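Student: Could you take me through the salt bridges in this one, pair by pair? And while you're there, throw in any odd backbone spots worth a look.

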Amino acid sequence: MDDMRRNSVQRIERDKRGQGMVEFALILVPFFLLVLGIFDLGRGIYQQHLLSNAAREAARAGNTGRSPVEVCEIAARKSFVPNMPKPAGCTEYGGGKKARLDLLGLKVRVDSGEAGDVNDPVKVELTYQFKLVTPFIADLIGSGTTLSASSNMYVEYSVPTPNPLMPTPTPNMTPTPMPTATATPTATPVPSMCSLTTTVPRLNKKRGYYYTITTQASGTISASWTLPGSFEATLAIYAGTPLGAGSGESSSAPPPGALASDTRISSSFSTATGILPAGQYTVYFYNGNTANLNSTTTGNVNYMKSGCP
């Protein structure tokens with residue numbers, strides 16, 4: 001009788017241990033997939049940040065007169081795609097005004113724009129085929145998901161090189177007139193770089209706020225925008241008033257042809273143009289498709305103006 005009771009207890013203990021192992025195995029698989037999914041999400045956000053930074057750095061290089069091939073090589077190098085060779089091997093096309101690269105899942109397109117034309121800025125576009133490592137999800141998506149980033153910047157005026165063979169005319173000697181008394185001119189304000197802070201109203205998804213400025217001398221325009229968290233958004237600068245005069249809200253997506261722009265998922269955005277002539281320009285703060293902005297935010301614009309507030 002004692003042997004039968006002891007065998008029964010041992011069999012129950014073995015059954016409990018077996019049940020625990022099965023439950024652990026059932027929990028381990030979903031937990032492992034969750035950890036890999038979080039890892040893939042972090043990799044994707046990091047790679048998107050690298051692409052956005054590469055587009056901005058390459059556009060700045062094009063803004064200073066670099067060739068399309070040089071701008072393309074900078075974009076490829078700054079994207080930090082694994083195993084990217086140096087040089088990457090960008091090729092020129094479009095009569096020497098454009099360059100491209102298709103290598104290791106990365107596509108780069110560069111348009112050098114036209115110096116002095118506010119409607120033809122330098123454009124840099126990058127797309128990257130991002131591959132997931134999470135089982136089942138990677139098999140379901142197949143080749144992965146496509147990440148993209150772009151940046152536009154106005155190309156500064158080209159400075160003509162003086163001809164060394166052109167003779168310099170010798171001035172003729174003329175009599176010096178006697179000075180006459182003149183009235184002391186009234187001092188006029190000299191335009192200088194001013195910093196303007198504007199309050200951006202609460203913006204729902206896919207809505208923006210435009211703000212029109214008038215510069216009173218040639219110079220650069222820069223803008224920044226701070227958000228309460230990470231949002232998919234765009235900060236762009238345009239020539240003229242493509243969204244309307246003054247300031248106000250708009251449901252329009254950022255129109256093409258921006259002089260400078262910053263599009264990504266972040267809590268802080270900034271962009272800057274090259275040297276622009278005096279005139280009217282628009283700064284556009286656009287909330288993308290992530291979530292509603294439930295509070296007002298702060299934007300800052302720097303431009304040439306007489307008599308800063």
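Tutor: Here's a walk through the charged pairs, then the backbone, then one threonine. Keep in mind that this is a predicted model.

Across the whole structure, a search turns up nine salt bridges. Let's start with the pair Arg-43 and Asp-40, where the closest N and O atoms sit 2.7 Å apart. Both residues belong to helix α1, which covers residues 2–63, and because they are three residues apart there, about one helical turn separates them. Their surroundings are worth a glance too: Asp-40 counts as buried at 5% relative accessibility, whereas Arg-43 is partly exposed, at 27%.

Next up is Asp-120 with Lys-123, whose side chains meet in a salt bridge at 3.5 Å, N to O. On the acid side, Asp-120 has a relative accessible area of 17%, so it falls in the buried class, whose cut-off is under 20%. Lys-123 is partly exposed, with a relative accessible area of 25%.

Now for a pair that links distant parts of the chain. Glu-249 forms a salt bridge with Arg-207, and their closest N and O atoms are 3.4 Å apart. Glu-249 lies in strand β9 (residues 247–250) and Arg-207 in strand β7 (residues 207–215), with their positions 42 residues apart in sequence. Here both ends of the bridge are partly exposed: Glu-249 at 40% relative accessibility and Arg-207 at 27%. Coming back to Asp-120 and Lys-123, these two belong to one network with Lys-97 and Glu-114, joined by salt bridges that share partners.

On to the backbone. As a rule, most peptide bonds are trans and most residues other than glycine have a negative phi. Against that background, look at the bond from Lys-86 to Pro-87, which is cis, with omega near 0°. Pro-87 sits in the loop between α2 (68–78) and β1 (91–93). That loop between α2 and β1 also holds Asn-83, a residue other than glycine whose phi is positive, near 65°. Asn-83 counts as exposed, at 72% relative accessibility.

Lys-206 is another spot to check: its phi is positive, at about 60°, and it is not a glycine. You'll find Lys-206 in the loop between β6 (192–200) and β7, the strand that holds Arg-207 of the bridge to Glu-249. With 48% relative accessibility, Lys-206 counts as partly exposed.

Last stop is Thr-234, in strand β8 (residues 222–239). At 9% relative accessibility, Thr-234 counts as buried. Its side chain makes a polar contact with the side chain of Thr-263, at 3.0 Å. Leaving out residues up to four places away in sequence, Thr-234 also touches Trp-225, Pro-254 and Asp-262, along with Tyr-284, Phe-285 and Tyr-286, and Thr-263 is part of that contact list as well.

If you're clicking through the model, try the charged pairs in order: Arg-43 with Asp-40, Asp-120 with Lys-123, and Glu-249 with Arg-207. After those, go to the cis bond at Lys-86 to Pro-87, then to the positive phi values of Asn-83 and Lys-206, and finish on the side-chain contact from Thr-234 to Thr-263.

Definitions and conventions:
Residues numbered from 1 in each chain as written. Predicted model: local features only at pLDDT ≥ 70, side-chain atom pairs only at ≥ 80, totals over all residues. Heavy atoms only, no water. Salt bridge = Lys/Arg side-chain N within 4 Å of Asp/Glu carboxyl O. Helix = DSSP H or I, 4+ residues; strand = E, 2+ residues; numbered from the N terminus. Buried < 20%, exposed > 50% of the residue type's maximum accessible area, 1.4 Å probe, protein only. Polar contact = N/O pair within 3.5 Å; in protein donor to acceptor, adjacent residues only side chain to side chain. Contact = heavy atoms within 4.5 Å.
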